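This report goes through a structure from its sheet pairing to its nonpolar cores and its charged pairs. Please keep the sequence and the 3D view at hand while reading.

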Amino acid sequence: MIVLKNGSVLGPAFEFLDSDLIIENEKISDITRDYEPSVFDDIIDCTGCYILPGYIDVHTHGCAGYDNMDLGMEAMTAISEHMAYHGTTTYLPTIMTAAQETFIEAARNIREFAESERSAANIGGIYEEGPYFSEKYKGAQNPAYLRDPDIGEFEELYRASGGLLRIVSLAPERSGSMEFIRAASKKVRIAVGHTDADYETTVNAERAGASQLTHTFNAMRPLHHRNPNAIGAALDGDMLLECICDGFHIHPAVIRQLFRTAADRIVLISDSLRPTGMPDGIYDSGGQEVKMSGGKLYLNNGSNTIAGSSVHMADCVKRAVEFGISIEDAVRAASFNPAVSAGIENITGSLKNGLRADILITDTELNIKHVIIRGAVYR
């Protein structure tokens, strides 16, 4: 049994409690103000610290020099360990626009790694970003493989993943999208992304079953007061809103407005790529070269197209708070809301009795002191 003593616990309602937290058999067994440890308990003194739910990154392509589409256990192990060390206790390996056979190989590799139980951070599922995207707003997706949605491809990938596939992102204006959304949304969450869709098309996509917006504001037609497009439709509806909170992809003022409008629907994501945690230089991403300079990533083709990020979820939370978002809202957007996105909120994502003990202990500036994953101290 592990006792986190004397800390400030961000409880199940995302309000801070001056309580102790008890971990037993890999799960949270109690949050109490009055617990006297026995000599058999492992005590962690959290005086002056926050006790937070572990961060969940549903949209991340890689880090530490590796990509989720690299085959073999070495890449998956390095990514998982890097994630865990930096406070991401659960993540969804994200695969990006490629040939179907490449997707199948990557999904099988991720599945094999998840089933090996060698992962440091938990594998919460797989996020398929592409290939059913708009040419105009393809961003850093490889244009050679863009195509219309194919439910047969989806079913093949779902089987190859062993049911790990959780989220599929597409542009709803592509031919066959509505039929695809209606069918695929019975098994996974459908996100709208890399899209030139107008307001009406996006509303119809939500009615068909789409329920998330991929990296809101990025790789989509800009919001206009007479033509609100996908962004306006998502804000006007009930979609979850992914947000790359690095202060580069979206201006801090817009991030503040997002939280004022829909704090309970924001899902912070890193959208991190292979160079995350690595020095500046040229790297491969989805068969294209990306250049990292000063921590910012661009396609290395002279286009100045932004290509993902080099931040961790812990960076996103800290920056959100720096931008004026409350700690409670920022952490919820990095833990519970992503858990809802991945459909794992009954397993992890908040500090609640019976949930898996994925926990961070930070100082009051949100610097990580300890990482607990599945009830064991990782860092």
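In what order do the three strands of the open sheet stand, and is their pairing parallel or antiparallel?

## An open sheet of three strands

In this predicted model, the open sheet has the strand order 17-18-19, and the pairing is antiparallel. Strand 17 (281–285) and strand 19 (296–299) occupy the edges with a single partner strand each, so one side of each lacks a neighbour in the sheet. On average, and with direction ignored, neighbouring strands of this sheet are turned by 35° against each other.

Four bridges join strand 18 (residues 288–293) to strand 19 in the antiparallel sense, and V290 stands opposite L299 of strand 19.

## Two nonpolar cores

In soluble globular proteins, nonpolar side chains tend to be buried together. Here the largest nonpolar core holds 79 residues, of which Y55, I190 and L268 touch the most other members. Helix 2 (residues 100–116) supplies the largest share of this core, namely six residues. A second core, separate from the largest one, has 16 residues, including I28, C46, I51 and I359.

When residues up to four places away in sequence are left aside, the contacts of I190 include V168, L170, F180, I181 and A184, and also G209, A210 and Q212.

## Salt bridges between distant parts of the chain

The whole structure contains ten salt bridges. In one of them the side chains of K5 and D20 meet at 2.7 Å, N to O, and this pair links strand 1 (residues 2–10), which holds K5, with strand 2 (residues 16–24), which holds D20, across 15 residues of sequence. Both partners lie under the 20% limit for a buried residue, since K5 has a relative accessibility of 15% and D20 has one of 5%.

The side chains of D148 and R174 also form a salt bridge, at 2.7 Å from N to O. D148 lies in the loop between strand 11 (126–129) and helix 3 (151–160), whereas R174, 26 residues apart from D148, lies in the loop between strand 12 (165–170) and helix 4 (177–184). D148 is partly exposed at 35% relative accessible area, and R174 counts as partly exposed at 21%.

## A further pair and a network

R221 and D196 form a salt bridge whose closest N and O atoms are 2.8 Å apart. R221 is in the loop between strand 14 (210–213) and helix 6 (229–236), and D196 is in the loop between strand 13 (189–192) and helix 5 (199–208), the two being 25 residues apart. R221, at 23% relative accessibility, counts as partly exposed, and D196 is partly exposed at 22%. Elsewhere, a network of salt bridges links D70, R274 and D284.

Methods. Residues are numbered from 1 along each chain as its sequence is written. This is a predicted model: local features need pLDDT of at least 70, side-chain atom pairs count only at pLDDT 80 or more; totals for chains, interfaces and linings use all residues. Side-chain values use heavy atoms; hydrogens and water are left out. A nonpolar core is a set of buried Ala, Val, Leu, Ile, Met, Phe, Trp, Tyr and Cys residues joined through side-chain atoms within 4.5 Å. Buried means under 20% relative accessible area, exposed over 50%, partly exposed in between (1.4 Å probe, protein chains only). Contact means heavy atoms within 4.5 Å. Two strands pair if DSSP finds at least two bridges between them. Axes are lines fitted to C-alpha atoms, for helices over the stretch in contact, and angles run from 0 to 180 degrees between N-to-C directions. A salt bridge is a side-chain nitrogen of Lys or Arg within 4 Å of a carboxyl oxygen of Asp or Glu.
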